[in-house]
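Biologist: I've got a two-chain model open and I'd like to learn how to read it. Could you walk me through it, feature by feature?

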Amino acid sequence: MLYREAGDFKTSYQADSQTFPIAFDRWRYWAVLVIAFCVVPFFVNAYWANAILVPFLIYAIAAIGLNILTGYCGQVSLGTGGFMAVGAYACYKLMTSFPDVSIVIHIILAGGITAAVGAAFGLPSLRIKGFYLAVATLAAQFFLVWMFNKVSWFYNYSASGQINAPERFVAGIAVTGPNTAPWAQYMICLVFLTICALIARNLTRGTIGRSWMAIRDMDIAAEIIGVNPLKAKLTAFAVSSFFIGISGALFFAVYLGAVEVGEAFGIQKSFLVLFMIIIGGLGSLFGSFAGAAFLVLLPVALKVIGVDLLGWPTDLVAHLQLVIVGGLIMFFLIKEPHGLAQLWRVAKEKLRLWPFPY
Amino acid sequence: MSADFLYGIEVVLNGLMAGVLYALVALGFVLIFKASGIFNFAQGVMALFAALTLVGIMEGQVPFAHLINAVFGTNIHHFGWQVPAILAIFLTVLVMIAFAWAVQHFVFRHLVGQEPIILFMATIGLAYFLEGVGDLMWGSSIRTLALGLPQGGSLWVEEMTNGLGGDDFYGFFIDKLDMVATLVALVLVAGLVAFAQYTKQGRAMRAVADDHQAALSVGISLSYIWVLVWSLAGIVALVAGVMWGAKSGVQFSLSLIALKALPVLMLGGFTSIPGAIVGGMIIGVGEKLFEYTIGAPYLGGATENWFAYMLALVFLVFRPQGLFGERIIERV
């Protein structure tokens with residue numbers, strides 16, 4: 001009853017081309033923001049923050065980043081883990097070299113550095129396409145992880161080869177280090193996610209996003225009608241890596257606090273983020289959120305059911321989890337290649353016409 | 001000849017042997033890609049699964065023992081018999097054929113006509129699924145494969161080549177297992193080529209690879225051919241799994257050789273069997289030589305992790321279809 005355009009009159013072009021053309025969507029959007037910013041921080045405890053909320057927020061940023069590259073621009077990348085590592089190590093070097101500068105600036109700069117690295121590794125995409133590019137991005141993944149392992153300048157010559165986030169404050173509240181309150185972790189990630197999502201949404205609506213999608217749908221045809229493939233592909237790599245770098249920096253500084261590169265940013269991470277956008281939906285912002293939520297919740301849910309309720313051994317549940325994740329990916333690709341986002345879209349279409357679908 | 005130069009040659013020889021093993025995995029990829037256009041990421045996990053199954057059958061393990069014990073509270077683990085290697089290999093081949101049929105029937109039959117990238121992602125899902133099933137069926141501990149394959153350095157080669165260099169050269173060190181693997185790979189490739197050239201099924205397979213619709217129109221069953229190539233890829237995976245498993249134990253890292261086979265494919269081209277072999281050699285020799293001459297002395301070692309990808313990346317910039325791949329023609 002509530003979800004329809006009828007009676008929702010637009011009087012300007014601006015209103016007509018807004019992100020949420022339906023009033024109910026706008027209200028829902030504001031309601032989600034209000035709950036996320038004003039209600040959740042008061043109820044969040046250490047378990048919820050560490051197991052579900054903070055990883056979800058961080059992976060959502062990474063998924064948005066990868067979705068820009070793979071979903072909007074059609075360039076498959078398996079180097080997400082490597083780029084997250086760049087963000088994390090850049091953030092670490094900045095934090096230890098310039099301790100007086102705010103951590104927020106460091107995280108943004110880390111994103112910028114990752115964008116530069118991503119654009120450099122995106123250069124071959126002008127010649128290499130499809131699977132060949134997917135494999136070529138593995139070069140970035142393995143080379144970057146190797147580099148952060150071998151070059152001790154990156155981890156300030158520490159004996160363990162780990163990097164540890166020193167304590168940093170935003171407005172007098174600790175956001176990194178061992179004394180961080182769960183709600184502070186949650187809030188800083190939420191702020192970054194909200195800003196990233198806003199930027200991504202508006203980029204993909206505009207000229208640059210349209211040129212990405214033209215390249216995705218057919219790069220030669222796009223070139224003929226005047227889209228510059230160099231500019232489109234490199235900006236996609238740069239913007240995508242910017243978000244992925246921010247998520248890597250948050251993952252290291254806020255979530256884990258101490259990181260060993262091969263373990264935290266290995267090839268498994270690349271696949272995890274790729275699965276998020278496949279299950280969520282390629283080329284959809286909502287899909288990035290849905291996929292991240294799904295793959296963060298699934299292991300927790302399985303653990304609660306398998307280990308806590310049924311009393312099975314943890315390694316058995318871990319194996320079952322692989323089977324279920326793999327099976328679900330195949331199931332989704334068969335039933336709905338466009339992911340959870342498509343289910344949502346279909347549901348919305350039905351709602352708009354309900355109860356008279358003619 | 002100086003000892004350094006001779007050691008360099010030894011590195012090249014060992015690289016060639018490693019390259020053969022890469023090529024073995026890459027072969028499985030090429031078979032499936034040619035016939036169905038599916039880029040099968042699960043090939044490495046198939047090798048792991050095949051090797052695990054072989055070990056499990058030989059030791060008489062009860063499949064899914066772990067799961068059964070957890071659900072029913074029983075405590076079973078072994079049937080209490082040992083299966084001879086030949087029979088176990090035969091049974092494993094049957095399992096791989098059943099797997100091929102299941103993959104075709106339950107997954108890829110429903111994905112015909114989808115974009116290649118969707119198919120690729122489905123195989124990543126398949127890789128996870130199969131890895132989980134393998135762990136559930138046979139447990140996740142590291143196994144040794146007791147097929148009685150020769151191991152260790154070959155004394156004969158060492159003595160034969162001892163006289164080549166000066167006093168500080170002691171002959172080439174070459175693992176017997178690598179030599180066996182090379183022989184097996186050669187036999188396998190010869191067998192595959194003969195199968196593709198001279199048998200009815202082989203011809204049908206090549207017809208499907210050339211043109212799906214033309215093949216359909218002369219009465220070739222696509223689904224049969226696809227089951228066939230997946231079975232062949234399963235058998236190739238078994239051989240690769242046995243060789244790698246004998247070398248480093250049957251464990252999870254076995255599935256990572258799939259990642260190593262990718263640059264091999266890129267170099268050789270996705271559609272060429274000779275390309276897979278030559279690409280494997282180039283990668284094997286290239287990464288060993290780079291590690292020996294530049295990586296270990298100057299860069300702190302372990303460059304083998306990424307060198308192959310970088311080599312493939314640089315190579316592709318100049319020749320995007322690989323060494324032997326079909327020319328990429330793009331039309332609007």
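**Where the chains meet**

Modeller: Let's start at the contact, which takes 37 residues from chain A and 44 residues from chain B. On the side of chain A that touches chain B, the elements giving two or more residues are α6 (131-150), α9 (219-224), α12 (267-280) and α14 (314-335) of chain A. Keep in mind that this is a predicted model.

Biologist: Which element of chain A gives the largest share of that side?

Modeller: That's α14(A), with 13 residues. By residue type, the side of chain A that touches chain B splits into 30 nonpolar, 4 polar and 3 charged.

Biologist: What scores does the predictor give the complex?

Modeller: The ipTM is 0.80 and the pTM is 0.86. For chain B, the mean pLDDT is 79, with 89% of its residues at 70 or more. Among the elements of chain B, helix α4 (residues 85-107) has the highest mean pLDDT, 88, and helix α6 (residues 155-161) the lowest, 66.

**Reading chain B**

Biologist: How many helices and strands does chain B have?

Modeller: Chain B has 13 helices and 0 strands. Of its 332 residues, 45% count as buried. Then look at contacts between residues at least 6 apart in the sequence of chain B: 74% of them join residues at least 24 apart.

Biologist: How should I read a single helix?

Modeller: The general idea first: an α-helix has 3.6 residues a turn, so residues three or four places apart point the same way. You can also check length against the expected rise. Helix α5 (residues 116-138) of chain B has 23 residues, which at 1.5 Å a residue should span 33 Å; its end C-alpha atoms are 32 Å apart, so the two agree.

Biologist: Is α5(B) mostly covered or mostly open?

Modeller: Mostly covered, with 18 of its 23 residues buried. Just after α5(B) comes Gly139(B), which takes a positive phi of about 85°.

**Annotations against the model**

Biologist: What does UniProt list as "transmembrane region" for the two chains?

Modeller: Both lists come from unreviewed entries. For chain A, the UniProt spans include 50-69 and 271-296. For chain B, the UniProt spans include 12-32 and 218-244. A handy habit is to set each span beside its helix content and end-to-end distance.

Biologist: How do those spans look in chain A?

Modeller: Residues 50-69 of chain A are 100% helix, with end C-alpha atoms 28 Å apart. Residues 271-296 of chain A are 85% helix and 0% strand, and their end C-alpha atoms lie 14 Å apart.

Biologist: And in chain B?

Modeller: Residues 12-32 of chain B are 100% helix, their end C-alpha atoms lying 30 Å apart. Residues 218-244 of chain B are 85% helix, and there the end C-alpha atoms are 41 Å apart.

**Buried and exposed in chain A**

Biologist: Which residues of helix α8 (residues 207-217) of chain A are buried?

Modeller: Gly209(A), Ser211(A), Trp212(A), Ala214(A), Ile215(A) and Arg216(A). These buried residues of α8(A) pack against α3 (46-72), α7 (182-205), α9 and α10 (229-256) of chain A.

Biologist: Why does Ser158(A) count as exposed?

Modeller: Count its neighbours: Ser158(A) has 10 C-beta neighbours inside 10 Å, so it counts as exposed, the cut-off being 12 or fewer. Ser158(A) sits in the loop between α6 and β1 (163-164) of chain A. Measure across to Trp344(A) and you find 48 Å, C-alpha to C-alpha, for a pair 186 residues apart in sequence.

Note on methods
Residues numbered from 1 in each chain as written. Chains lettered and ligands numbered in written order. Predicted model: local features only at pLDDT ≥ 70, side-chain atom pairs only at ≥ 80, totals over all residues. Contact = placed C-beta atoms within 7 Å. Helix = DSSP H or I, 4+ residues; strand = E, 2+ residues; numbered from the N terminus. Nonpolar A, V, L, I, M, F, W, Y, C, P; charged D, E, K, R; others polar. Buried ≥ 20, exposed ≤ 12 C-beta atoms within 10 Å, placed from the backbone. UniProt positions renumbered as here; feature names shortened; annotations may be inferred. pLDDT = per-residue confidence, 0-100. Expected span 1.5 Å × (residues − 1).
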